[in-house]
Every structure is written in C-alpha cells, then in structure tokens.
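User: Hi! I am new to reading protein structures, and I would like to walk through this one with you. Could we take it step by step?

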Amino acid sequence: MSIEVRELHQHYGATRAVDGVSLTLPDDVQVLALIGPSGGGKSTFLRLVGGIETPTSGAICVDGSELPPGEAGLLEYRKKNGFLFQAFNLFPHLTALENIVLPLVQVHGWSGEKAEERAREAVKRFHLEAHLEKRPGQLSGGQQQRIALARAMAHEPALLLLDEPTSALDPEMKAGVLDLIEELCNAGQRIVLSTHEMGFARQSADHVVFLADGQVIEEGSAERVFESPGNPKVRQFLDKVMKW
Ligand SMILES: Nc1ncnc2c1ncn2[C@@H]1O[C@H](COP(=O)(O)OP(=O)(O)OP(=O)(O)O)[C@@H](O)[C@H]1O
Ligand SMILES: [Mg+2]
C-alpha cells in the first residue's frame with residue numbers, strides 16, 4: 001500500500017496528539033504496525049489515516065490520492081475501509097448476524113438479501129456459525145471481537161484499521177483473535193494496526209512506526225526496528241515490554 005503523510009498535526013486543545021508527522025511508506029508494505037508508549041498518538045494517527053477525523057493541518061495520501069478535506073468526501077473514503085476498535089462496539093440489541101448486515105445495508109446501500117448472504121459468508125470464514133443468532137451480551141469478549149472483525153471485513157475493505165484489537169481480551173481469547181488477524185495478513189489484506197502485542201507486531205507486520213509524544217521516533221522494517229532499534233527510547237521501550 002502507499003501511504004504518504006506530510007507535516008500532519010492533530011491538536012485537541014493544548015494536547016498535540018499528532019505533532020508534525022511526515023512519513024513515506026515503502027510501496028511493498030502490506031501490514032503496518034504502530035507501536036509506542038500509551039498516549040503517544042497511535043489511535044489518533046489511525047483515525048486520521050482511516051478518515052474518521054479531519055486533521056488540524058497536514059496531508060495524508062493513500063494510494064496516490066490525498067484524503068479530501070471535508071466531511072462529505074471523507075465519508076466516501078471511510079466507507080472503503082474497515083475498522084475494529086479495542087472495545088467491540090457491537091449494537092447490543094442486535095444479533096451477531098444483524099450486526100454485520102446492518103452497515104452493509106445502511107452504509108453501503110446493499111440489498112438486505114445480498115447483505116445477509118455476505119454476512120453469512122463472513123461468519124463462516126471466521127468459524128462463528130454457532131453464534132449467528134446471539135446478541136453481544138450472550139457472547140464472550142473474544143467471540144464479540146471476532147464478530148466485530150467479521151463485520152469490519154464483510155465489505156472487503158481496501159484498508160483494515162485495527163486499534164488495539166486484543167487489549168480488552170484475556171490471553172486465550174487474545175490468541176484466537178490474533179490467529180484470525182494473522183490469517184487476514186497471510187491472505188494479503190492490507191492492514192494498519194496499533195498494538196501493544198510486540199510479538200505479534202514482530203511476526204505479522206512488514207513495517208513498524210514508533211510514535212511517542214505525537215512524533216515518529218523511529219520507523220523501518222519490523223525486523224530492523226525490533227532487532228536493532230537506533231533510538232535509545234525505542235530500545236528502552238522494547239526492553240521493558242519484551243521482558244515479560
Ligand atoms: N478526542 C480527544 N480529545 C482530547 N484529547 C485526546 C483525544 N484523543 C486523544 N487525545 C489525547 O491525545 C494523546 C494521544 O492519544 P492516543 O489515544 O492517540 O494515544 P495512543 O498512543 O493510542 O495511546 P494508548 O496506547 O494508551 O492507546 C493523549 O494525550 C490523549 O489524551
Ligand atoms: Mg490507543
């Protein structure tokens with residue numbers, strides 16, 4: 001995928017969540033991991049790249065096109081992407097199947113029949129057939145997150161954006177969701193994810209961007225950043241989080 005970011009800023013009042021990021025990803029990157037300390041700007045950067053927010057200033061180009069500035073243009077761009085956030089964000093009053101069908105109909109304008117057919121395929125792909133008719137309250141956290149992933153993938157997104165998709169899960173559930181994400185990586189899906197799962201980032205990402213205080217402290221191939229980080233802050237962070 002091609003992502004180019006120029007002098008990107010996102011300020012919330014006095015907080016500079018993204019503070020002057022410029023970045024050109026190599027074209028052959030398929031999976032990009034955003035890592036770094038809490039509050040460093042990973043989620044904010046992800047929302048900007050996904051077109052969920054308009055930046056304070058700066059430009060983002062994805063596959064050669066600059067993201068449009070207004071909400072109307074962003075809405076069209078956003079539809080092409082898929083999103084998965086830390087907390088499952090399923091509609092509590094709808095079944096798992098309905099949760100996947102609804103956005104296909106309401107956001108993407110599909111017919112109910114086509115949407116249901118695709119939703120059933122997505123559920124099958126993720127081995128969730130047994131949970132189709134359950135509401136989120138009747139599902140475990142890991143099952144909810146897998147349904148949310150099936151929903152994010154149902155319209156075959158150009159770019160899948162994952163914001164700490166496993167941080168709310170216990171270890172066993174985490175493994176199940178990471179397996180699915182890995183499967184998507186192997187199937188060629190283009191993914192940008194923020195994660196504190198360093199082992200997973202090391203294994204699945206091609207490229208890593210380390211964000212701290214809203215700035216890129218280091219970036220490079222996953223292998224290079226994990227094996228021989230140049231910046232002492234990155235080394236310290238990795239030493240600390242890889243220890244356990
Ligand atoms: N909508 C918002 N309004 C105000 N401040 C915000 C908003 N979103 C993020 N921030 C602030 O911007 C900074 C960066 O936050 P962000 O959520 O991007 O960090 P992060 O790297 O994702 O952290 P974590 O690893 O804990 O998820 C933080 O100081 C945060 O408090
Ligand atoms: Mg975050």
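**A walk through the model**

Analyst: Happy to. Please keep in mind that this is a predicted model. Around ligand 1, the largest share of the shell, 3 residues, comes from helix 1.

User: Which two elements each supply at least two residues of the shell around ligand 1?

Analyst: The shell includes Thr-15 and Ala-17, as well as Lys-42, Ser-43 and Thr-44. Elements that each supply at least two residues of it are strand 2 (15-24) and helix 1 (42-50).

User: How do the residues of that shell divide into nonpolar, polar and charged?

Analyst: Let's look at some members: the shell includes Tyr-12, Ser-38, Gly-39, Gly-40, Gly-41, Glu-164 and Ser-194. Glycine counts as polar here. The division is 2 nonpolar, 8 polar and 2 charged.

User: Stepping back to the whole protein, what radius of gyration does it have, and why does that fit a compact globule?

Analyst: The C-alpha trace spans about 50 × 45 × 35 Å along its principal axes. For 244 residues, a compact globule would have a radius of gyration near 18 Å, so the protein agrees with that expectation. Its own value is 18 Å.

User: What percentage of contacts between residues at least 6 apart in sequence join residues at least 24 apart?

Analyst: The protein has 9 helices and 10 strands, and 41% of its 244 residues count as buried. Among the contacts you ask about, the share joining residues at least 24 apart is 65%.

User: Which helix gives the most residues to the largest nonpolar core?

Analyst: This core holds 66 residues, and those touching the most other members are Ala-33, Ala-119, Leu-149, Ala-150, Val-208 and Phe-210. With 6 residues, the element that gives the most to this core is helix 5 (residues 141-153).

User: Is strand 3 largely enclosed or left open?

Analyst: Let's check its two faces. Val-31, Ala-33 and Ile-35 are buried on one side, and Leu-32 and Leu-34 are buried on the other. Because 5 of the 5 residues of strand 3 (residues 31-35) are buried, the rest of the structure leaves this strand largely enclosed.

User: What are the bridge partners of Leu-32 in strand 8 and Ala-33 in strand 9?

Analyst: Strand 3 runs parallel to strand 8 (residues 191-194), joined by 4 bridges. It also runs parallel to strand 9 (residues 207-212), again through 4 bridges. Leu-32 stands opposite Val-192, and the partner of Ala-33 is Val-208.

User: Strands 2 and 5 stand at the edges of a sheet; why is one side of each left without a neighbour?

Analyst: The sheet is open, with 4 strands in the order 2-1-4-5 and antiparallel pairing. Strand 2 and strand 5 (65-66) stand at its edges, so one side of each has no neighbour in the sheet, because each has a single partner strand.

User: How many bridges pair strand 1 with strand 2?

Analyst: Strand 1 (residues 3-12) and strand 2 pair in the antiparallel sense. One place to see this is Gln-10, which stands opposite Val-18 in strand 2. The number of bridges between the two strands is 7.

User: Is Val-21 buried or exposed?

Analyst: Val-21 belongs to strand 2. Beyond its neighbours within four places in sequence, Val-21 is in contact with Val-5, Leu-8, Phe-45, Gln-215 and Val-216. A residue needs 20 or more other C-beta atoms within 10 Å to count as buried. Val-21 has 24, so this residue is buried.

User: And how does Arg-118 come out?

Analyst: Arg-118 is found in helix 4. Leaving out residues up to four places away in sequence, Arg-118 touches Leu-104 and Ala-154. A count between the limits of 12 and 20 places a residue in the middle class. Arg-118 has 19 other C-beta atoms within 10 Å, so this residue is partly exposed.

User: Last one: which helices help to cover the buried residues of helix 3?

Analyst: In helix 3 (residues 96-106), the buried residues are Ala-96, Leu-97, Asn-99, Ile-100, Val-101 and Leu-104. Their cover includes helix 4 (112-125) and helix 5.

Technical notes. Residues are numbered from 1 along each chain as its sequence is written. Chains are lettered from A and ligands numbered from 1 in the order in which they are written. This is a predicted model: local features need pLDDT of at least 70, side-chain atom pairs count only at pLDDT 80 or more; totals for chains, interfaces and linings use all residues. A residue is near a molecule or strand if its C-beta atom, placed from the backbone, lies within 6 Å of it. The radius of gyration is taken over C-alpha atoms; the globule rule is 2.2 Å times the number of residues to the power 0.38. Two residues are in contact if their C-beta atoms, placed from the backbone, lie within 7 Å. A nonpolar core is a set of buried Ala, Val, Leu, Ile, Met, Phe, Trp, Tyr and Cys residues joined through C-beta atoms within 7 Å. Two strands pair if DSSP finds at least two bridges between them.
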